[in-house]
Amino acid sequence: MKWISTAILVILVSVIISSSGCVSSDSDTEGDGSDGIYGDEVETLEYQGVELTPINEQRNNAIKGTQWINEDTYLLKINGMVDTPQSLTYGQVTSYPNVSKVVILDCVEGWGFTAKWTGVPVKTLLDEAGVQEGATTVIFYSEDGYSTAHDLDYLVDNNIILGYKLNDVTLPEDRGFPFQLVAEGKYGYKWGKWITSIEVTDEPYEGYWESRGYNNNADVGGPRFG
Ligand SMILES: Nc1nc2c(c(=O)[nH]1)N[C@H]1C(S)=C(S)[C@@H](COP(=O)(O)O)O[C@H]1N2
Ligand SMILES: [Mo]
């Protein structure tokens with residue numbers, strides 16, 4: 001009769017495991033966005049005739065996993081070579097006129113995805129702060145200790161945006177809420193997520209991956225290292 005109690009135990013344990021939700025974090029759990037529904041937001045999967053990659057099929061990368069930022073206490077700092085340093089709430093950043101565009105993210109490791117991004121032009125924020133004469137570089141710092149930098153001219157000339165909507169859905173936590181830099185034309189490591197501060201400087205800067213050997217210019221199709 002020992003095998004019966006063993007069998008019952010095995011059945012019981014598997015029932016508990018399969019109903020506890022601790023088995024897997026992928027696939028089609030209702031309401032987690034895998035069905036394209038995020039709270040009361042519905043994901044857009046085609047825009048201006050371009051087919052978009054669904055969020056649940058977009059890969060992601062993060063050195064320390066998801067950062068959980070509280071929208072109510074969040075402040076975006078803008079400092080360095082500016083006349084008026086800024087400290088902006090989520091509501092303030094997202095109430096500037098926004099821009100939407102379809103952009104491909106290319107990770108240097110060879111994967112990528114196409115998405116519709118909506119956000120505020122970095123130039124709008126910098127104009128508000130008043131960039132000082134001689135500034136050349138803008139550094140983006142993130143909640144997880146990550147950082148990356150861009151030439152001021154690149155950001156302005158390409159109307160680069162600080163994105164807060166992805167395929168028309170509020171940028172999910174695991175993807176960089178509240179803001180990810182949509183650094184079109186640059187490898188993924190130039191797309192800072194969970195951005196908390198922006199510093200304007202006249203010095204060259206090497207970010208997290210750049211200081212570990214990745215190319216600081218990072219043009220897609222250009223050299224990956226050195
Ligand atoms: N804060 C932060 N931003 C980051 C990273 C990171 O680890 N931390 N990884 C970078 C890399 S290497 C890539 S490829 C992209 C991936 O962006 P995604 O998660 O939106 O796909 O995020 C970039 N931004
Ligand atoms: Mo990457």
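## A tour of ligand 1 and its pocket

Select Gln-180 and ligand 1 together: a polar atom in the side chain of Gln-180 stands 3.1 Å from an oxygen atom of the ligand. The model is a predicted one, and every distance on this tour is computed from it.

Keep ligand 1 displayed and add Arg-175, where an N or O atom of the side chain is 3.0 Å from an oxygen atom of the ligand. Next, add Lys-193; here the separation between a side-chain N or O atom and an oxygen atom of ligand 1 is 2.4 Å. Now show the surface of the ligand: 540 Å² is exposed when ligand 1 is taken alone, and the protein buries 99% of that area.

Extend the selection to the residues around ligand 1, of which there are 21. The nearest are Asn-60, Ile-63, Asp-144, Trp-191 and Lys-193. Coloured by class, this shell shows eleven nonpolar, six polar and four charged residues.

Hide the ligand and look at the space it takes, which is the second largest pocket. This pocket has a volume of about 350 Å³. Its lining consists of 24 residues, and those closest to the centre are Asn-61, Tyr-146, Gly-188, Tyr-189 and Trp-209. By class, the lining comprises 13 nonpolar, six polar and five charged residues.

Two points of backbone geometry complete the tour. Select Phe-177 and Pro-178, which are joined by a cis peptide bond with omega of about 10°. Pro-178 belongs to the loop between β12 (169-170) and β13 (180-182). Then go to the loop between β11 (161-166) and β12, where Asn-167 is found. What is the sign of phi at Asn-167, a residue other than glycine? Phi of Asn-167 is positive, near 50°.

Conventions: Residues are numbered from 1 along each chain as its sequence is written. Chains are lettered from A and ligands numbered from 1 in the order in which they are written. This is a predicted model: local features need pLDDT of at least 70, side-chain atom pairs count only at pLDDT 80 or more; totals for chains, interfaces and linings use all residues. Side-chain values use heavy atoms; hydrogens and water are left out. On a 1 Å grid over the protein atoms alone, a cavity is a set of points where a 1.4 Å probe fits but cannot get out, and a pocket is an open set with protein on both sides within 12 Å along at least five of seven lines; lining residues have an atom within 4 Å of a point. Grid points are joined across faces, edges and corners, and a volume is the space filled by probe spheres set on the points. Ala, Val, Leu, Ile, Met, Phe, Trp, Tyr, Cys and Pro count as nonpolar, Asp, Glu, Lys and Arg as charged, and the others, Gly among them, as polar. A residue is near a molecule or strand if one of its heavy atoms lies within 4 Å of it. A polar contact is a pair of N or O atoms within 3.5 Å; within protein, one must be able to donate a hydrogen and the other to accept it, and residues adjacent in sequence count only if both atoms are side-chain atoms. Accessible areas come from the Shrake-Rupley method with a 1.4 Å probe; for residues, only the protein chains shown count as cover. A molecule sits in a cavity or pocket if more than half of its atoms lie within 2 Å of its grid points. Helices (H or I, at least four residues) and strands (E, at least two) are DSSP runs, numbered from the N terminus.
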